[in-house]
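Thanks for coming, everyone. Please have a look at the model on the screen before I start.

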Amino acid sequence: MDTTKQLYETEASGWQRGLYDDIQHTFRAPTVNWIFRTTMANYPDFLRYAWGQLKPLYTTRAFARFSTAYRDAVLSTIEDATPLPTYRRAALGIAPAEYRELRGQVGTFDVVAPRLALLFEVCDRALRGEPIGTEPEEDYAATAPFPAGLDRDRGRLPTMIDADSVPDGLVGTVDSIQDFHGLDDGLPSIYRCLCQWPAYLDRAWADLEPVVRGEGFEQACAEASDRTDAFVDATPYQPRLDPDSLRAAGFDDDVISDLQGLFEEFNGGAIETVIPALPVYAATLDASGRRAFR
């Protein structure tokens, strides 16, 4: 699988563009994440099949409850150990329009964080034939529709620098970020986005590095993982993405093996700390979504 290949929204047409629009509508975010773009570029028929299996998980009231609980699990656990900083525009020396854009783009990452956490866990389990929905919830929320207004229209389309275009003044900061997340090279999307605002990223990382290297953030990651595992166990829907189902749908073993490797990689390693960090950055700009479900 060539993970350098991507099909961008602007290049998609026909059913592929329709599927992208459906992902954005369902995820409630103005972006199509890299994992979808590279899967579409390599195995479009698989993504069409898989999205039909995965979409129901994101459309329930129970998922809405999980998405707020995931965010709160991260932030409350950290806040129990140390308060998080919040940066007003004037303190960062950023122009009003740029500050508004920064908050909007970081808000998008906050929206997608629990959605990506669920995507990686479900796909990793399902592609390896592990069970999903072993203890399905039986309350109303399990199958009731996702509330219309939650997380809707609160983010802005993220823009990013190229991975090899880090501003000179941020090289040390980026080296430290890569070291923390265990990255030999490359830079996750959130950081390629934040590099557009060096004054923010430099100050935020200086303040946050002691926090994320502490026991509070480690516990926050564990809490977020536990919430995700619990939701996957409790979902009433069971996506048919196991190897036998994929073979029956016409996918060969090479394709299945490629996808198993992709989602296994993305359900571990750096992602285990990158995704829980997304609500943290949003909190520093007062751009967080709801943390309690009513």
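I will go from the whole chain to two helices, then to one residue, then to the salt bridges.

A word on the ground rules first. This is a predicted model, where local features need pLDDT of at least 70 and side-chain atom pairs count only at pLDDT 80 or more, while totals for chains, interfaces and linings use all residues. Residues are numbered from 1 along each chain as its sequence is written, and side-chain values use heavy atoms, with hydrogens and water left out.

Now the overall picture. The chain has 13 helices and zero strands. Helices here are DSSP runs of H or I with at least four residues, strands are runs of E with at least two, and numbering starts at the N terminus. The radius of gyration is 19 Å, close to the 19 Å that the globule rule gives for 294 residues, so the chain is as compact as a globular protein of that length. That radius is taken over C-alpha atoms, and the rule is 2.2 Å times the number of residues to the power 0.38. Along the principal axes, the C-alpha atoms fill a box of roughly 55 × 40 × 35 Å.

How much of the chain is buried? Of the 294 residues, 51% count as buried. Buried means under 20% relative accessible area, exposed means over 50%, and partly exposed is in between, with a 1.4 Å probe and protein chains only. Next, contacts, meaning heavy atoms within 4.5 Å. Among contacts with a separation of 6 or more, 86% are between residues 24 or more positions apart.

On to helix α2, residues 34-42. Seven of its nine residues are buried, so α2 is largely enclosed by the rest of the structure. Among those buried are Ile-35, Phe-36 and Met-40. Arg-37 and Asn-42 are on that list too. The cover over these buried residues includes α1, α3, α6 and α12.

Let's turn to α12. This helix has 14 residues. From first C-alpha to last it reaches 20 Å, close to the 20 Å expected at 1.5 Å a residue. The expected span is 1.5 Å times one less than the number of residues. Which residues of α12 are buried? They are Val-255, Ile-256, Leu-259, Leu-262, Phe-263 and Phe-266. These cover an arc of only 130° around the axis, which puts them on the same side of α12. The arc is that of the directions from the helix axis to the C-beta atoms. Why can spaced residues share a side? An α-helix has 3.6 residues a turn, so residues three or four places apart point the same way.

The face of α12 turned away from the buried side carries the exposed residues Asp-254 and Glu-265. The buried residues of α12 are covered by parts that include α2, α3, α6, α11 and α13. At the N-terminal end, Asp-252 acts as a cap: one of its side-chain oxygens lies 3.1 Å from the backbone nitrogen of Asp-254.

Now a single residue, Leu-285, in the segment after α13. At 0% relative accessibility, Leu-285 counts as buried. Leaving aside neighbours within four places in sequence, Leu-285 has contacts that include Tyr-87, Leu-92, Val-106 and Tyr-200. Its C-alpha is 9.9 Å from that of Arg-100, although the two are 185 residues apart along the chain.

Last, the salt bridges. A salt bridge is a side-chain nitrogen of Lys or Arg within 4 Å of a carboxyl oxygen of Asp or Glu. How many are there in the whole structure? The search finds 22.

One sits within a single helix. Asp-21 and Arg-17 meet at 3.4 Å, N to O. Both lie in α1, four residues apart, about one turn of the helix. Asp-21 is partly exposed at 38%, and Arg-17 is partly exposed at 34%.

Another spans the sequence. Asp-72 and Arg-291 meet at 3.1 Å, N to O. Asp-72 lies in α4 and Arg-291 in the segment after α13, so the pair ties together parts that are 219 residues apart in sequence.

Then there is Arg-213 with Asp-179, closest N and O atoms 3.0 Å apart. Arg-213 is in the loop between α9 and α10, and Asp-179 is in α7, so this pair ties together parts 34 residues apart in sequence. Arg-213 is partly exposed at 43%, whereas Asp-179 is exposed at 53%.

Finally, a network of salt bridges links Arg-71, Asp-110, Arg-115, Asp-151 and Arg-154.

Key: Polar contact = N/O pair within 3.5 Å; in protein donor to acceptor, adjacent residues only side chain to side chain.
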